[in-house]
Amino acid sequence: MKIRSITAPNPGPFTLTGTHSWLLGDTAIIDPGPAIDSHIAAIIEAMPRLDTIFITHRHDDHAPAALPLKQATGARIIAPLDIADVRVAGGEAFDIEGESLEAIATPGHTREHICYLTSTGALFTGDTILGEGTTVIFPPDGDMGDYFRSLATLRARNPRRIHPAHGPTRDDAVALIDEYIAHRLERERQLIDALGDGAKSTAELRKQIYPQLDERLHRAAELQLTAHLVKLQQEGRVREDSGRYLRAADE
Ligand SMILES: [Zn+2]
């Protein structure tokens, strides 16, 4: 099956060059993207036989073009969302021009996030894995414990190629997943060390772990650290008391 992409004109710090809408053969698309008229028109022009719209998760740079595209083409929507004609939760398989596409539950970035895997090993990761950099896990919707489990789930499927919603396509799929896991474990280790050094609030932890960070990214960094702290609390390794965090081992 031929795989192509059209990138939406929505570049930014989290979307990188913009959202990639992935075209599968002549009939299916994964993540139609933001509801930008020129992007929707480009998809309709490239896919005159579009009949199925898959969505990975609800975020504004992934899902909103689904409804206008459905209206224009009559395509059905398959998604982990209320707007879907077929609602998925992971485990479902669909036939796309003779090739199978499986929905895999990958909570973490958002609670409902779904990745899609073809029978030939092409993995569409949405925002769970990006082609470069890291994805954001913002609690309470984002859950770091779930995210680690989802990365393990994807690795166990041994994909051949990763088609992310943002950043370049990666042929080193398993190595990239390993890098993602190693990066998160390293961040977790830094956090444990910073707590041992006496940092207690998320602002103190952020200063120690990201000392040179642009002020505009402080809140995002603190939310990402909070996601790690929630996971460590779930595991009984960290305790929180009125916004101050302590290692359980130090008590
Ligand atoms: Zn997202």
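A residue is called exposed when its relative accessible area is over 50%, and buried when that area is under 20%. In this predicted model, both Arg87 and Asp82 are exposed. The two residues form a salt bridge in which the closest N and O atoms are 2.4 Å apart. The structure holds 21 salt bridges, and several others are described below.

Helix H3 comprises 13 residues, 144–156. Its end C-alpha atoms are 18 Å apart, in agreement with the span of 18 Å that is expected at 1.5 Å a residue. At the start of the helix, a side-chain oxygen of Asp143 comes to within 3.0 Å of the backbone nitrogen of Gly145. Gly145 is itself one of the buried residues of H3, along with Met144, Tyr147, Phe148, Ser150, Leu151 and Leu154. The cover over these buried residues includes three strands, S8 (99–105), S9 (114–118) and S10 (122–126), and two helices, H4 (173–196) and H6 (218–234). Just after H3, Asn158 adopts a positive phi of about 50°.

Two of the strands that cover H3, S8 and S9, run antiparallel and are joined by five bridges. Within this pairing, Ala105 has Ile114 in S9 as its bridge partner. Strand S8 also pairs with strand S7 (residues 93–96), again in the antiparallel sense, over four bridges. Here Phe94 is matched with Leu101 of S8. S7 and S8 make a hairpin with two residues between them, and Glu97 in the turn has a positive phi of about 50°.

Strand S8 is also connected to the region that follows H3. A salt bridge is formed by Arg157 and Glu102, with the closest N and O atoms 2.8 Å apart. Arg157 lies in the loop between H3 and strand S11 (161–164), while Glu102 belongs to S8, so that the pair links distant parts of the chain, 55 residues apart. Arg157 has a relative accessible area of 37% and is therefore partly exposed. Glu102 also counts as partly exposed, because its relative accessibility is 22%.

A further salt bridge involves the two helices that help to cover H3, H4 and H6. Lys231 and Glu188 form this salt bridge, and their closest N and O atoms are 2.7 Å apart. Because Lys231 lies in H6 and Glu188 in H4, the pair ties together parts that are 43 residues apart in sequence. Both residues are buried. Elsewhere, salt bridges with shared partners join Arg58, Arg111, Glu112 and Asp141 into one network.

Asp141, a member of this network, is found in the loop between S10 and H3. Its relative accessibility is 17%, which means that Asp141 counts as buried. The side chain of Asp141 makes a polar contact of 2.8 Å with the side chain of Arg58. A second polar contact, of 3.3 Å, joins the side chains of Asp141 and Arg111. When neighbours within four places in sequence are left aside, Asp141 is in contact with Arg58, Gly108, His109, Thr110 and Arg111.

Key. Residues numbered from 1 in each chain as written. Predicted model: local features only at pLDDT ≥ 70, side-chain atom pairs only at ≥ 80, totals over all residues. Heavy atoms only, no water. Expected span 1.5 Å × (residues − 1). Buried < 20%, exposed > 50% of the residue type's maximum accessible area, 1.4 Å probe, protein only. Contact = heavy atoms within 4.5 Å. Polar contact = N/O pair within 3.5 Å; in protein donor to acceptor, adjacent residues only side chain to side chain. Salt bridge = Lys/Arg side-chain N within 4 Å of Asp/Glu carboxyl O. Pairing = 2+ DSSP bridges.
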